[in-house]
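Let's work through a few exercises on a protein model. Grab a pencil and keep the 3D view open while you read.

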Amino acid sequence: MKITYYCAMSSDGYIARDDGDVSWLDEANIDESPSSYDEFFARVDGLAMGRGTYDFIFNYGSWPYGDVCTWVFTSKSLEPLEGANLSLVQTLDDFVQEAEEKNLKHIWLVGGGKLASAFLERGILTNLSITKTPIKLNAGIPLFADHKLENIRSVKMESAQKQGYKQLEILL
């Protein structure tokens with residue numbers, strides 16, 4: 001099973017402000033045409049996210065991912081958004097077992113940094129697809145809570161510059 005951590009990060013390594021806010025991405029004005037997001041999302045058959053990421057989406061008010069199987073890592077109940085196909089899990093073992101039972105091929109690890117570190121530590125994170133923006137946040141939620149991108153061992157890494165952004169594609 002392929003698991004890709006697909007996200008944008010600031011030039012100083014943050015994916016969100018301390019409160020989970022990602023409105024800074026609007027300032028980044030990332031050109032998605034032709035949309036790499038649409039191409040990526042078309043290849044995904046499952047999502048995994050932490051509770052903070054889910055709460056941010058919930059507060060946004062609508063579910064943007066259709067009926068794609070989604071696991072939210074939490075120990076508490078949550079209110080589902082209309083249209084969301086949610087499963088609640090507490091452990092990576094539960095998630096892996098359920099995803100394998102559904103015979104899923106490609107999971108998008110939506111966020112956040114703590115969950116990404118747990119996936120990396122466990123050895124189940126297979127790919128990173130990161131858009132590094134020129135915006136500096138100075139503080140916030142890091143790409144990984146317990147790891148540094150520059151210290152992660154990879155099998156293959158490709159990078160491309162586009163309009164001031166750096167796109168990193170890393171096979172772990």
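Before we start, one cut-off: a residue is called buried when its relative accessible area is under 20%, exposed when that value is over 50%, and partly exposed in between. Also keep in mind that this is a predicted model.

**Exercise 1.** Is Asn-127 buried or exposed? Place Asn-127 in its element and list what it touches.

*Solution.*
Step 1: Find Asn-127 in strand 7, which covers residues 127–132.
Step 2: Look at the relative accessibility of Asn-127, which is 14%. Buried means under 20%, so Asn-127 counts as buried.
Step 3: Check the neighbours. Leaving out residues up to four places away in sequence, Asn-127 touches Lys-2, Ile-3, Thr-4 and Tyr-5, plus Ile-170, Leu-171 and Leu-172.
Step 4: Add the polar contact: the side chains of Asn-127 and Thr-126 make one at 2.7 Å.

**Exercise 2.** How many salt bridges are there? Take Arg-51 and Asp-55 as an example, and say where both residues lie.

*Solution.*
Step 1: Start with the idea that side chains of opposite charge can pair when their charged atoms come close.
Step 2: Use the cut-off, a side-chain nitrogen of Lys or Arg within 4 Å of a carboxyl oxygen of Asp or Glu. The count comes to four salt bridges.
Step 3: Test the example. Arg-51 and Asp-55 have an N to O distance of 2.9 Å, so they meet the rule of within 4 Å.
Step 4: Locate them. Both sit in helix 3 (residues 51–60), four residues apart, or about one turn of the helix.
Step 5: Read off accessibility: Arg-51 is partly exposed at 24%, and Asp-55 is partly exposed at 29%.

**Exercise 3.** Which parts of the chain does the pair Asp-93 and Arg-122 link?

*Solution.*
Step 1: Confirm the salt bridge: the closest N and O atoms of Asp-93 and Arg-122 are 2.5 Å apart.
Step 2: Trace both partners. Asp-93 belongs to helix 4 (residues 92–101) and Arg-122 to helix 5 (residues 113–122); they are 29 residues apart, so the pair links distant parts of the chain.
Step 3: Both ends are partly exposed, with Asp-93 at 47% and Arg-122 at 41%.

**Exercise 4.** What is the distance between the closest N and O atoms of Glu-158 and Lys-156?

*Solution.*
Step 1: Their closest N and O atoms are 3.1 Å apart, and the two form a salt bridge.
Step 2: Glu-158 is partly exposed at 43%, and Lys-156 is partly exposed at 46%.

Note on methods: Residues numbered from 1 in each chain as written. Predicted model: local features only at pLDDT ≥ 70, side-chain atom pairs only at ≥ 80, totals over all residues. Heavy atoms only, no water. Helix = DSSP H or I, 4+ residues; strand = E, 2+ residues; numbered from the N terminus. Buried < 20%, exposed > 50% of the residue type's maximum accessible area, 1.4 Å probe, protein only. Polar contact = N/O pair within 3.5 Å; in protein donor to acceptor, adjacent residues only side chain to side chain. Contact = heavy atoms within 4.5 Å.
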